[in-house]
Amino acid sequence: MNAILEQRQAVLPELSPRLAEMKRRIRAGEHHRFRTTETVDVLAECEREGLDWTQRAARLTRRMCEAQTVVIEPDEQIVFTRTVRRVSALYRPEQMEERLAGRVFHELGPISNVCADWGMVLGQGLIARRAAAEAARARLAGDQEAKTFVDAAIETIDAVLALARRYAEAARALGRGDLADVLERVPAYPATTFREALQSLRLCHAVLWLSGHYHCGLGRLDQYLWPYLEEDLAKGRLDLAEAQELLEEFFISLNKDSDLYPGIQQGDNGQSLMLGGARRDGGDGVNPLTGMAMEAGRKVALIDPKINLRVTRDTNLGLLAKGVQLTRIGLGFPQWCNDEVIIPGLVAAGYELEDARDYSVAACWEFIIPGKGMEVVNIGAVSMPAAADQAIRAGLEAGENFDRIIERTDANLAEQVRAVTKSSRTLLLPPAPWYSVLMDGCLERGRDLCHGLKYNNFGIHGAGSSNAADALAAVRALVYERRRIDPARLIRALDSDFEGEEALRTELQEDAPKVGNNDDLVDDLLVKLFDRFADACAAAGDNGRGGHYRPGTGTAMYYIWLARGHEGMTEPTVGATADGRRKGAFFSSSLAPSPNVQVRGPLSVLQSFGKLDYRRVCNGGPLTMELADSLFRGTDAIEKVALYVRAFIRSGCQQMQLNTLNVDTLRDAKLHPERHRNLVVRVWGWSGYFCELDESYQDQIIGRHIYGA
Amino acid sequence: MKADTSGVVFDIRELTIHDGPGLRTTVFLKGCPLHCAWCHNPEGRSRDPEVLHGPNGDRLAGRSYRADELAALLNRQSPLLAEGGVSFSGGEPLMQAAFLEAVLERLEGLHVVVGTTGYASAKDFLSIVRRCDLVLFDLKLLDPEAHRRWAGGDNRVILENLKRLADLGSPYLIRVPLVPGVTDTEANLRAIARHVRELPGRRPRVELLPYNLAAGGKYAACGLEWRPEYDETAPCRTDLTPFQEFEVEAIVL
């Protein structure tokens with residue numbers, strides 16, 4: 001523990017003046033002056049040439065790359081600044097309707113929320129990827145679909161190579177020989193240094209966004225970058241301080257173009273990365289970059305990248321403390337992932353052990369295997385409060401016993417799952433030649449990513465679980481066991497949103513067991529809700545793409561949508577509920593006690609949620625905990641919170657977000673946004689600038705349980 | 001000790017920061033024989049449950065627990081408290097020594113810390129500290145008059161118990177609340193340092209707790225007026241020199 005004490009007393013380093021200035025420019029949007037007003041229109045030429053969908057997607061990548069203006073700022077070591085704002089459409093709306101032929105897109109359409117095999121891409125380089133494509137074309141001669149795909153993939157590779165070449169030439173012309181050398185090597189050839197690896201990654205990743213993809217993950221950054229840094233260090237080409245600064249510059253660069261990325265709110269962009277955890281062979285994957293990346297996240301203190309850390313009970317306390325230093329500044333990073341629970345869960349869900357050990361997260365928390373998954377981890381949600389509410393009303397009206405209400409809840413959940421899975425079977429994933437280049441085996445098989453990879457599962461969020469369990473527990477305790485509330489009166493009160501029934505509402509809220517207190521009288525219902533949800537997903541069978549349905553414990557934005565309704569949403573909304581929640585009141589984000597209920601504290605919360613069988617709910621979804629920033633005033637607070645993380649691991653919970661906030665600051669930020677422009681908060685699977693959030697999201701955060709105040 | 005011995009608890013908090021090593025849950029026992037002018041837990045003074053009238057509505061402070069009930073509640077947390085334990089604070093936990101002893105007897109494998117003013121009978125004091133893994137012993141003022149004036153009570157009782165604790169040889173720490181112009185004076189800190197130096201056995205560490213400006217926060221809710229007779233805005237002296245001089249290990253928390 002002495003190491004931690006020393007760390008705590010040391011003054012934590014800040015960004016170098018060069019990077020502080022770079023960060024300032026980006027936050028001020030000074031680089032927006034490079035953005036062009038021109039739009040790239042590929043429609044006309046696609047029609048002229050009679051291109052099919054795959055060819056059009058490739059042409060888009062090519063034209064977007066060509067339209068980029070080269071931007072090299074004098075102080076940049078890692079370059080690329082997006083200058084083209086909008087991504088062109090590939091079909092006119094009516095043509096798109098025709099192509100869909102009754103099938104539906106997921107969200108905006110283009111493939112999103114997956115993660116490339118960055119280790120493979122950096123290690124092979126694009127010329128080798130091109131060779132792999134050529135080899136497949138030769139091997140699959142006669143397979144027209146393969147030929148079209150491979151040619152399209154090559155078109156995208158050539159476009160990226162040409163873009164890199166233009167950057168290299170410009171660098172040379174500016175007298176930036178160092179930069180020109182890097183860009184002449186990568187992404188064409190395998191990266192040979194840490195800097196080349198970062199530059200290659202920056203460019204290849206940015207082109208995903210240019211191609212219309214979004215929520216583009218960064219995967220296990222410390223795993224695939226460490227070999228480059230290790231060799232630099234061994235050969236004396238770079239020291240740790242220089243490497244740290246390069247990594248920080250890379251992190252800053254991820255914030256340059258993010259205002260152009262689509263998402264529910266700005267910040268919801270899925271630039272997530274994973275640190276630490278087991279290697280594919282089961283050994284410990286923690287390396288010096290693990291801590292460096294957390295340090296970089298703390299120093300850069302911007303909303304990207306979103307940092308996740310894999311832990312086990314053997315994770316050393318020093319690394320946990322580094323994570324807590326990052327927690328302390330309030331970005332909501334890292335999100336803690338418990339390998340001891342997640343890896344067996346993925347194996348139980350059909351993932352090979354080596355792949356399961358290699359998991360990262362999609363945009364928010366959903367577990368995916370980089371390079372090997374074409375999974376759609378968020379095809380919809382079930383509203384557990386709606387399932388419980390319908391069951392409670394129907395059961396009470398029919399004068400049934402409580403067991404029957406539970407059975408009705410199960411049936412309602414199953415029905416909701418059926419509705420989600422039914423619409424998901426008509427899902428259409430459009431071709432993605434550039435993303436295919438970056439995945440494991442697409443080029444080799446001559447098949448586009450849209451046709452699937454090794455893993456092709458769909459994920460469903462299980463939202464509002466605490467409110468649902470609390471509602472059922474309140475009915476069981478107050479209507480059935482203690483007979484304090486008359487069923488008809490309860491139904492009337494729910495219908496009228498507790499109009500004139502404040503005392504009843506208080507009783508429901510205060511005199512019944514609540515999730516978060518390690519109380520089996522309600523936690524058993526929570527466990528059962530997720531079990532039945534998992535049963536229903538299992539019963540739904542194949543998803544039409546060779547995968548199955550993965551239930552999860554996350555909510556994404558459904559903690560607001562399911563309470564208030566949302567345009568285009570097919571999931572049911574619910575009014576006032578029997579846990580004493582008023583109509584329209586938000587649910588908790590992912591796993592957390594219901595808003596406004598009293599809980600004993602953060603340990604009891606771990607014990608309540610530790611009862612879930614996470615082997616059955618492996619789509620992910622974090623226990624979400626807010627810590628008061630005042631908790632960190634104590635001299636050994638870092639150590640205490642690190643021990644709390646260990647307790648989380650020991651509790652058997654799966655994933656945890658620890659957010660640090662100060663409610664007074666948040667309230668002030670609502671009144672005086674100009675004073676808090678850089679205030680970052682974790683929203684759900686992502687963090688955003690508080691003042692840029694819609695008010696409903698701001699209010700939900702202010703209303704969360706805050707521990708340690 | 002009987003399982004149905006009952007006691008009054010005014011709060012149970014998880015993940016407390018200042019109540020001992022590691023990850024801890026702290027039980028606050030109600031009732032205190034002293035009335036320190038800087039007390040920041042005024043609801044811990046009276047032994048009886050009372051209703052607090054706070055800005056967010058009324059709240060009952062104080063709930064009766066049976067010893068086996070409280071012990072069971074704490075034992076259920078023991079899987080998560082392996083790197084820490086439970087702490088008992090107050091009020092003055094020794095005011096309910098029989099209850100506390102009955103609880104401690106029933107704890108299973110939990111590291112136990114008790115924070116005490118030391119103002120208790122020798123019998124009560126020993127019955128509890130013998131069962132603790134660590135004692136946090138408050139030492140406020142060494143001058144008997146000053147102690148009577150600011151904290152109430154005879155500090156000879158406290159110093160005798162401190163001697164008993166030292167004789168026992170089990171781990172303990174000295175905690176000194178720093179109150180501007182009252183306990184943080186050079187004379188008082190020197191007297192404490194000298195006293196600690198002369199204690200038998202292994203010399204304990206002294207932890208200085210800087211004054212908490214939120215001390216008066218809960219008085220209104222308790223129906224009391226917060227009117228400190230010292231200047232609470234004055235800077236706190238956190239001078240460790242007297243301790244260094246007497247070769248006593250000291251830190252500021």
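I'll start with one residue in chain B of this predicted model. L15(B) is buried, with 23 other C-beta atoms within 10 Å. The cut-off for calling a residue buried is 20 or more such atoms. L15(B) is not a glycine, and yet its phi is positive, about 60°. On the chain, L15(B) sits in the loop between strand 1 (6-14) and strand 2 (23-29) of chain B.

Chain A has a residue to set beside that. D497(A), also other than glycine, has a positive phi near 55°. Is D497(A) buried or exposed? Neither label fits: D497(A) is partly exposed, with 14 other C-beta atoms within 10 Å. Its loop runs between helix 22 (487-495) and helix 23 (502-510) of chain A.

I mention these for a reason. Most residues other than glycine have a negative phi, and most peptide bonds are trans.

That brings me to the cis bonds. D304(A) and P305(A) are joined by a cis peptide bond, with omega about -5°. P305(A) belongs to the loop between helix 13 (288-300) and strand 2 (306-311) of chain A. In chain B, a cis peptide bond joins G90(B) and G91(B), and here omega is about 15°. G91(B) is found in the loop between strand 6 (84-89) and helix 2 of chain B.

Next, chain A as a whole. It has 29 helices and 13 strands. Along the principal axes, its C-alpha atoms fill a box of roughly 80 × 65 × 50 Å. How does the radius of gyration sit with a compact globule? For 709 residues a compact globule would come out near 27 Å, and chain A has 26 Å, which agrees. Of those 709 residues, 57% count as buried. If we take contacts in chain A between residues at least 6 apart in sequence, 80% of them join residues at least 24 apart.

Within chain A, look at helix 10, residues 194-210. At 1.5 Å a residue, its 17 residues should span 24 Å, and the end C-alpha atoms are 24 Å apart, so the two agree. As for burial, 17 of the 17 residues of helix 10 of chain A are buried, so the helix is largely enclosed by the rest of the structure. After helix 10 of chain A comes G212(A), with a positive phi near 95°.

Now strand 10 of chain A, residues 655-661. This strand is mostly covered, with seven of its seven residues buried. Q655(A), Q657(A), N659(A) and L661(A) point one way, while M656(A), L658(A) and T660(A) point the other way, and all are buried. What does strand 10 of chain A pair with? Strand 3 (residues 335-338) of chain A runs antiparallel to it, joined by three bridges, and W336(A) has M656(A) as its bridge partner. Strand 9 (residues 623-628) of chain A pairs with strand 10 of chain A in the parallel sense over six bridges; there, E626(A) is partnered by N659(A). Between those parallel strands of chain A comes helix 27 (residues 637-651), and strand 9, helix 27 and strand 10 make a right-handed β-α-β unit.

Helix 27 of chain A comes up again at the contact between the chains. That contact takes 21 residues from chain A and 16 residues from chain B. On the chain A side, the elements giving two or more residues are helix 26 (602-609) and helix 27. Helix 27 of chain A gives the most, with eight residues.

Back to chain B, and its helix 3, residues 122-129. F125(B), I128(B) and V129(B) are buried in this helix. Seen down the axis, the buried residues of helix 3 of chain B fall within an arc of 90°, so they line one face of the helix. They pack against helix 2 (97-106), strand 7 (111-116), strand 8 (134-138) and helix 5 (155-168) of chain B.

Strand 8 of chain B leads on to strand 9 of chain B, residues 172-177: the two run parallel, joined by four bridges. D138(B) has R175(B) as its bridge partner in strand 9. Five of the six residues of strand 9 of chain B are buried, so this strand is largely enclosed by the rest of the structure. Four bridges also join strand 9 to strand 10 (residues 206-209) of chain B, again parallel, with I174(B) opposite V206(B). With helix 6 (residues 186-197) of chain B, strands 9 and 10 of chain B make a right-handed β-α-β unit.

Key. Residues numbered from 1 in each chain as written. Chains lettered and ligands numbered in written order. Predicted model: local features only at pLDDT ≥ 70, side-chain atom pairs only at ≥ 80, totals over all residues. Expected span 1.5 Å × (residues − 1). Buried ≥ 20, exposed ≤ 12 C-beta atoms within 10 Å, placed from the backbone. Pairing = 2+ DSSP bridges. Right-handed = clockwise from strand over helix to strand, strands pointing away. Rg over C-alpha atoms; globule rule 2.2 N^0.38 Å. Contact = placed C-beta atoms within 7 Å. Arc of directions from axis to C-beta.
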